[in-house]
Amino acid sequence: MKIVVAIKQTPDSAAKVVADGGQVAWGDAPLEMNPWDEFAVEAALLQADAQEAEVTAISVGGESAKEALKTALAMGAQQAILISDPALANADSQAIAKVLAAAIRKIGEVDLAFFGRQAIDGDMGVTGAMTARVLGWPMLGLVAAVQALSTDSIRVECSFEEGRQVVDCKLPAVVSVSKDISEPRYPSFMGIRKASRAVIPTWSLGDLGLAAPASVVVWPQVANPPARQVTTEMVSGGTAKEIAENLVDKILAEKVL
Amino acid sequence: MSAKILVFIDQFKGAALPAAWEALGAGQMLAGLLGGGEVAALVIGTGAQAVASQAFGYGVESVYYSEDPSLADYRPEPYGALLVKLARELAPQVLLLPTSVRGRELAAQAAIDLETGVLADVTELAVENGKLVATRPVYSGKVLAKTICQATPQVITTRGRAFARPAFDSSRSGAPVSLAAVLEEGQIAARVVGYTQSEGGVSLADAAVIVSGGRGLANNPAAAPGGLDEKQAEIWRAQQGFTLLGELAGVLGGAVGASRAAVDAGYISYDHQVGQTGKLVSPDLYIACGISGAIQHQAGMRSSKVIVAINKDGEAPIFKLARFGVVGDVYAILPALIEAFKQRLGKA
Amino acid sequence: MDFTLTEEHRLAQQMVREFAEREIAPIIQDCDRQQRMADFVLPRLGELGILGICLPIRYGGQGLDYLALGLACEELEAVDTSLRVVLSVHVGLNSLGLLQWGTEEQKQRLLKPQAEGKKIACFGLTESGAGSDVAAIQSTARRVGDGYLLNGEKMWISLATRADHCLWVARTDPQAADPHDGLSAFLVELDRPGVSRGDLHHKLGVRAGSTGWIACQDVLIPEANRIGLEGEGFKIAMSCLDNGRYTVAAGATGLIRACLEASVKYAHERKAFGREIGKLQLVQQKIALMVQSYDAARLFYLRAGWMKNEGLRNTRETSLAKWFATDASFEAASQAVQIHGAYGYSDEYPVERYLRNSKGAVIYEGTSEIHMLMQAGYALGLRQDAALRCELPAYDPKTWQE
């Protein structure tokens with residue numbers, strides 16, 4: 001069985017990100033694997049462990065994205081591939097989806113493709129579903145648990161606002177995972193040794209036999225959110241009862257109840 | 001037939017998601033900004049017909065629905081195929097969906113089929129220089145981006161509680177149009193086998209009031225019952241705290257949230273997590289109890305209208321965000337707060 | 001001269017940092033207040049392979065090098081000293097001692113389960129009457145049949161009540177002309193009859209750790225558990241200390257970093273006299289000195305680690321690293337408390353814990369005074385390192401990783 005997991009490198013989630021001169025800037029905050037994608041890698045590895053399958057991590061990005069791919073290798077993925085091309089610099093989700101679909105086809109005979117639920121930079125959360133559609137594969141979104149996996153089908157629990165749906169699906173399929181799937185494992189030291197020695201191939205659009213897909217979504221302007229004008233009022237009182245009553249008065253005065 | 005705006009009304013078993021009506025409100029506003037034109041709505045699945053009839057009361061001109069057996073339970077492919085077929089027929093300029101789980105997936109699928117792009121989780125819509133500009137929070141809300149989709153239809157999902165739902169007038173009515181499914185059962189690879197773990201209660205994304213707890217809830221003076229090890233006792237103590245928060249939420253008609261630290265410590269399930277890796281919420285009132293207010297948590301709740309913080313650490317970052325703060329023991333303040341609200345809201 | 005760490009080092013350091021920040025940082029204040037080590041810590045360190053990080057795979061370890069051990073120590077102590085102390089005694093003092101002096105049979109039987117985290121290891125040298133004066137050790141090991149009978153009590157032993165194995169140094173030859181030559185080293189399984197142990201509390205620092213005493217009353221151990229030859233005990237203990245001290249140096253570097261990071265954070269948050277205190281020059285001075293200490297301490301321990309990798313004798317360089325880093329961490333912690341003002345004096349912030357923790361390191365594994373004398377000895381030609389019968393093996397990725 002062949003499993004692919006698509007990951008993205010994003011600025012560290014704790015980074016101070018600001019709009020500066022029309023660009024988004026995060027100073028010297030490190031880049032890391034998109035936190036949601038760690039769950040996708042974990043989900044892929046869990047299924048690979050159970051099925052003795054091979055996991056290939058893929059990422060569309062610049063040379064630095066190899067570090068995120070190395071983390072995936074260190075966690076236990078067998079292979080990693082970087083897809084990089086200057087023409088993809090400002091690619092939107094649907095363009096990326098087409099590129100990922102082409103890469104998955106090039107890898108060949110892939111049974112499952114895992115995605116994180118969204119990337120913490122763009123926060124679009126549509127790339128997985130778009131890639132599924134380009135491939136013509138079914139999409140299983142926000143999967144909280146994999147109940148069963150065989151060579152030709154998978155049974156999962158998909159999360160919705162109302163609760164979870166149990167779905168049986170024929171393979172191949174695209175799966176995006178939620179945090180419930182499992183706590184991502186740390187890279188093992190053995191994995192770290194292998195990852196540090198790994199040579200990660202880079203595929204260009206030419207290698208995929210793909211012309212640069214046009215992007216239709218543009219970001220003409222970025223701005224910092226308006227500074228929250230909050231005057232904090234500390235509420236006190238002699239007893240808990242007094243404090244509570246003062247607080248209730250003030251909350252009711254804000255007319256939010 | 002044609003329409004200027006097509007809105008997907010996300011619903012489950014005959015109840016539309018509140019965010020779906022808000023998307024409709026956004027659609028009506030947009031129709032006005034774009035020089036008029038019809039707003040059409042699509043409802044799919046079990047209970048769709050009832051929701052479709054309801055939609056007229058919100059001022060929609062044409063409503064389409066399907067309760068075809070193959071669409072009884074949600075699956076992206078058949079729902080998406082129907083949405084795309086209708087979109088091709090009506091050729092709207094904008095396709096609007098709420099940013100629900102289904103909404104996002106369908107937006108993604110439709111965009112590929114319709115060869116266009118998605119602007120997801122939008123908080124503002126405007127027309128500037130004849131172009132539709134959508135404002136989206138990005139980088140977990142640290143930056144606001146104005147975005148444009150240059151292809152048509154522009155597929156947009158609206159963030160919950162960012163747009164006003166239209167006024168409901170029961171005197172407005174109409175006849176919804178029933179549609180046949182596009183895909184046959186044999187063409188669909190997924191099969192819904194059942195449902196588990198229904199959430200119940202108020203959903204965080206829709207809640208107008210959220211009472212949230214953090215790691216500080218473990219500082220419960222009550223003694224845990226015997227026979228528990230340290231970790232279990234700590235969890236017990238914190239869970240007692242969450243029960244107390246649930247009581248306050250009940251009095252206020254709200255939902256219970258939690259910080260990542262509380263979820264990671266095992267005090268409450270991930271469904272309640274508010275924050276960068278949890279849910280983004282924007283209630284009218286957010287009461288944070290025993291939450292320090294780390295950046296990741298702030299990212300999830302900072303757009304709440306009024307934030308109240310209760311924490312025994314006066315230096316906790318949450319106080320910088322709060323409109324009202326109480327430096328004190330959550331376990332002393334909460335019971336008194338519950339009593340005081342009960343009295344004032346006439347629920348004693 | 002290539003100062004870059006390899007990808008392997010970077011990933012290993014990151015992994016240990018993530019573990020310490022995610023799993024230990026949230027609970028450490030509670031553990032420190034309660035003066036106990038959380039039960040999951042040792043099994044978890046074992047599970048993650050950290051307890052065998054720089055040991056060869058064929059001895060149950062993870063096959064990384066001595067630099068990786070140092071980096072791991074820096075990350076662990078940046079969260080709390082008690083975590084690094086585990087590596088100091090389990091890896092530094094005990095396991096690397098076995099690696100250096102043990103027979104193949106001993107390495108397979110005793111070292112392997114330690115590296116795998118199945119057995120926890122500690123180091124029994126210090127006694128209530130013998131700290132700096134190692135030759136004053138009074139514990140005895142009397143030859144009986146084909147074994148030894150151990151008697152004596154060790155004090156201030158980290159992991160005393162949690163460990164399974166103890167590298168125990170005792171006097172086999174009370175008649176030796178030079179008391180240094182009368183000592184031998186043994187690996188004692190702590191579940192043998194006659195072993196008793198207990199915890200010591202109310203220490204100034206490292207309260208989230210586990211410190212105690214171990215007593216042997218007529219504990220019989222087989223000759224196969226003697227490490228090295230009779231009379232080599234002092235030399236073995238000293239080379240164990242070379243490795244323990246290295247971990248202390250690396251850890252203290254992490255402590256300086258923790259003080260620096262806390263101080264920088266607070267300097268941005270706290271306002272006085274109309275601005276962030278980070279804009280006030282005397283606060284800037286303290287921070288600058290912490291930066292200087294951190295960079296210097298880091299270079300010191302990395303050099304020592306590099307020398308271990310190369311198979312070069314490094315007693316002098318490791319002693320220098322430990323002495324410098326521990327003194328500097330005590331100063332850095334003191335200044336970090338000062339920067340925090342009254343808040344630094346309370347345990348709401350971690351800096352008071354850093355200060356209390358830092359004081360231990362200038363005492364154990366060679367007091368600063370001992371190291372001062374060692375360095376003077378080297379400089380004045382009064383002290384020289386003679387070749388040892390067994391040296392710490394140089395790091396070789398091939399033999400470590402097959």
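Reader: In which loop of chain B does Lys13(B) lie?
Author: This is a predicted model. Two short strands' numbers frame the place: E2 covers 11–12 and E3 covers 15–16. Lys13(B) lies in the loop between strand E2 and strand E3 of chain B.

Reader: What is phi of Lys13(B), a residue other than glycine?
Author: The sign is the point here: Lys13(B) has a positive phi without being a glycine. The value is near 50°.

Reader: Is Lys13(B) buried or exposed?
Author: The cut-off for exposed is over 50% relative accessible area. Lys13(B) has 57%, so this residue is exposed.

Reader: Where is Glu52(A) found, and what is its phi?
Author: Helix H1 of chain A covers 35–51, and strand E6 covers 54–60. Glu52(A) is found in the loop between them. Glu52(A) is not a glycine, yet its phi is positive, at about 55°.

Reader: Is Glu52(A) buried or exposed?
Author: Use the cut-off again: exposed means over 50%. The relative accessibility of Glu52(A) is 75%, so Glu52(A) counts as exposed.

Reader: Which residues of chain A does a cis peptide bond join?
Author: Look at the loop between strand E11 (163–170) and strand E12 (173–177) of chain A. Pro172(A) has its place there. The bond has an omega of about 5°, and it joins Leu171(A) and Pro172(A).

Reader: What is omega for the cis peptide bond from Thr152(B) to Pro153(B)?
Author: Pro153(B) sits in a loop of chain B, between strand E10 (143–149) and strand E11 (154–158). The peptide bond that leads into Pro153(B) from Thr152(B) is cis. Its omega is near -10°.

Reader: How many helices and strands does chain A have?
Author: Loops in chain A have come up, including the one between helix H1 and strand E6. The full count for chain A is 7 helices and 15 strands.

Reader: What percentage of the residues in chain A is buried?
Author: Buried means under 20% relative accessible area. Chain A has 257 residues to sort by that cut-off. The buried share is 56%.

Reader: How many residues does the contact take from chain A and from chain B?
Author: Chain A and chain B bury about 7100 Å² between them. Carbon and sulfur atoms hold 61% of that area. The contact takes 78 residues from chain A and, from chain B, 85 residues.

Reader: Which residues in chain A lose the most area to chain B?
Author: Three residues head the list for chain A. Together they give 10% of what that side buries. They are Glu161(A), Glu162(A) and Arg228(A).

Reader: Asp249(A) meets which side chain in a salt bridge?
Author: Across the interface of chain A and chain B there are 5 salt bridges. For Asp249(A), the N to O distance is 2.1 Å. Its partner is Arg344(B).

Reader: How much area do chain A and chain C bury between them?
Author: In this contact, 13 residues of chain A meet 21 residues of chain C. On the chain A side, Tyr186(A), Phe189(A) and Arg193(A) lose the most area, together 55% of what that side buries. Over both chains, the buried area is about 1500 Å².

Reader: With which residue does Glu38(A) form a salt bridge?
Author: Chain A and chain C have 3 salt bridges between them. In the one at Glu38(A), the closest N and O atoms are 3.7 Å apart. The partner is Arg22(C).

Reader: Which side chain meets Glu230(B) in a salt bridge?
Author: The pair crosses between chains, starting from helix H5 (residues 230–252) of chain B. The other end is in the loop between helix H2 (28–34) and helix H3 (41–47) of chain C. The N to O distance is 2.5 Å, and the partner is Arg36(C).

Reader: Why does Arg36(C) count as partly exposed?
Author: Partly exposed lies between two cut-offs: under 20% is buried and over 50% is exposed. Glu230(B), at 46%, also counts as partly exposed. Arg36(C) counts as partly exposed because its relative accessibility is 26%.

Reader: Which residue of chain C forms a salt bridge with Arg36(C)?
Author: The closest N and O atoms of this pair are 3.3 Å apart. The partner has a relative accessible area of 53%, so it is exposed. Its name is Asp39(C).

Reader: Is Arg226(C) buried or exposed?
Author: Arg226(C) meets Glu223(C) in a salt bridge, 3.7 Å from N to O. Glu223(C) is partly exposed, with a relative accessible area of 32%. The relative accessibility of Arg226(C) is 14%, so Arg226(C) counts as buried.

Terms used:
Residues numbered from 1 in each chain as written. Chains lettered and ligands numbered in written order. Predicted model: local features only at pLDDT ≥ 70, side-chain atom pairs only at ≥ 80, totals over all residues. Heavy atoms only, no water. Helix = DSSP H or I, 4+ residues; strand = E, 2+ residues; numbered from the N terminus. Buried < 20%, exposed > 50% of the residue type's maximum accessible area, 1.4 Å probe, protein only. Contact = heavy atoms within 4.5 Å. Buried area = accessible area lost by both parts, 1.4 Å probe. Salt bridge = Lys/Arg side-chain N within 4 Å of Asp/Glu carboxyl O.
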